[in-house]
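Trainee: I would like to take a close look at a single part of this structure. Could you choose one helix and walk me slowly through its surroundings?

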Amino acid sequence: MDHISPVLWQFLVKWLTNFAVIPPEASKVAPQMDALLLFMTLVSLVGLVLVIFLVVTFSILYRRERHPVATQIEGSTLLEATWTIIPLGLFLVMFVWGSVLYFRIYTPPPNAMQVYVVGKQWMWKAEHPGGQHEINSLHVPINQPVQLTLISQDVFHSFSMPAFRVKREAIPGRYTTVWFEATETGTFHLFCSQYCGTAHSAMIGDIVVMSPENYKKWLQSSTSGVSLAQDGERLFASLSCSACHNGTPGARGPNLAGVYGSTLTLSDGQKVTVDDAYLRQAILNPSAHITQGYSPIMPTYQGQVSEEGLFSLVEYIKNLDSNYRIKQTTTTTELAPVATAATPAASPAANNGKVSHE
Ligand code: HEC
Ligand SMILES: [Cu+2]
């Protein structure tokens, strides 16, 4: 922490974690969060001491025996300005400091590794692009930004990682994101921190931070053999999306290759940037936003695809090449080589969609 003496800071943190006042600081943002929390605690303590001191001193100095007759004091501009401006300044410091941290926590860096998370009563399901699925646990490498895209299948949940000082609500019907970078290997708590029904307190798990080598081994040993994009490709064929979206000149639907991250013009002239959330909405509720130049013929897939399936479709469209093959990306390179090597022909759909890998 560069705000106060590093030695003093380390001593303080050690003491606080030793006595379980705070969880270990295991992410990049954790010391920054703790510094803000410490600042707010100190300001509150100083305020508390000051107020108590004044109350006690004044009760002694101006008690009835010494001051039987009350004196009226007509305000002091200097005094009032002081006790207004100092707290205002302190609160503004907290506000600006807090906002800076807030935007840091909820703005993932572009090189972040992607993990999808579905919350449901009462478990967490994590899906890695390479096709690793886990329940109530999340394996991540150390020193690597990890972005979570969360959704709930039923009620509100909150994915909370106290050791990383990060949490995010999982909301039904809407994607939310959060990111972190673990700085310590080990196993840390994962909680649901939003009351979500009877077994809410059992909706817990482990976050396992591993060295890059161990993480690679874990990826290889836990893959389901089908990457998310391949699973999406299979769904894309079985739901007959490919009947309209196939990139051919006469296709009834727009070409989806390269649509991710692009700006679409809708029939009402509005411009939208295509992200995960937009893709999900486009599949479940196509009539809500019609792409310019196309007629509203796409049927809704509400109730036909699970949240996991939607993640697969999103991952498929994200990785789509112009000839409707799954494009290689840095994330899939890192996560999927074994998945693709192990299953050269996972499904008929995966056959015509070649997945290149090094
Ligand atoms: C009957 C033909 C048809 C089918 C089947 C179909 N779509 Fe579409 N789709 C369209 C048309 C036409 C549009 C453009 C108009 C609109 O926005 O609704 C569209 C738009 C989209 C968009 C918005 C992006 C863009 O470029 O406009 C996405 C994403 C999409 N479809 C995905 C899918 C997926 C995934 C499936 C299968 C689950 C699917 N579609 C099935 C015809 C179809
Ligand atoms: Cu929950």
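Mentor: What follows is a close look at helix 5, its packing partner and the core that this partner joins. This is a predicted model, in which local features need pLDDT of at least 70 and side-chain atom pairs count only at pLDDT 80 or more, while totals for chains, interfaces and linings use all residues. Residues are numbered from 1 along each chain as its sequence is written, and chains are lettered from A and ligands numbered from 1 in the order in which they are written.

The chain holds ten helices and twelve strands, where helices (H or I, at least four residues) and strands (E, at least two) are DSSP runs, numbered from the N terminus. Helix 5 covers residues 228-238, and nine of its eleven residues are buried, so the rest of the structure largely encloses this helix. A residue counts as buried if 20 or more other C-beta atoms, placed from the backbone, lie within 10 Å of its own. Among the buried residues of helix 5 are Gln-230 and Arg-234, along with Leu-235 and Phe-236, whereas over the chain of 358 residues 29% count as buried. Just after helix 5, Ser-240 takes a positive phi of about 65 degrees.

The partner is helix 7 (residues 307-318), which packs against helix 5 at an angle of about 100 degrees, with the axes 7 Å apart; axes are lines fitted to C-alpha atoms over the stretch in contact, and angles run from 0 to 180 degrees between N-to-C directions. That angle makes the two helices roughly perpendicular, a label given to angles of 65 to 115 degrees. On the helix 5 side, the residues that meet helix 7 include Leu-228, Asp-231 and Phe-236, and on the helix 7 side they include Phe-311, Leu-313 and Tyr-316. By class, this contact has seven nonpolar, three polar and three charged residues, with Ala, Val, Leu, Ile, Met, Phe, Trp, Tyr, Cys and Pro counted as nonpolar, Asp, Glu, Lys and Arg as charged, and the others, Gly among them, as polar.

Helix 7 also leads us to the largest nonpolar core, a set of 50 residues in which Leu-313 is one of those with the most contacts. Such a core consists of buried Ala, Val, Leu, Ile, Met, Phe, Trp, Tyr and Cys residues joined through C-beta atoms within 7 Å, and helix 7 gives the most to this one, with six residues. In soluble globular proteins, nonpolar side chains tend to be buried together.

Key: Angles under 35 degrees count as roughly parallel, over 145 as roughly antiparallel, 65 to 115 as roughly perpendicular and the rest as oblique. Two residues are in contact if their C-beta atoms, placed from the backbone, lie within 7 Å. A residue is buried if 20 or more other C-beta atoms lie within 10 Å of its own, exposed if 12 or fewer, and partly exposed in between; C-beta atoms are placed from the backbone.
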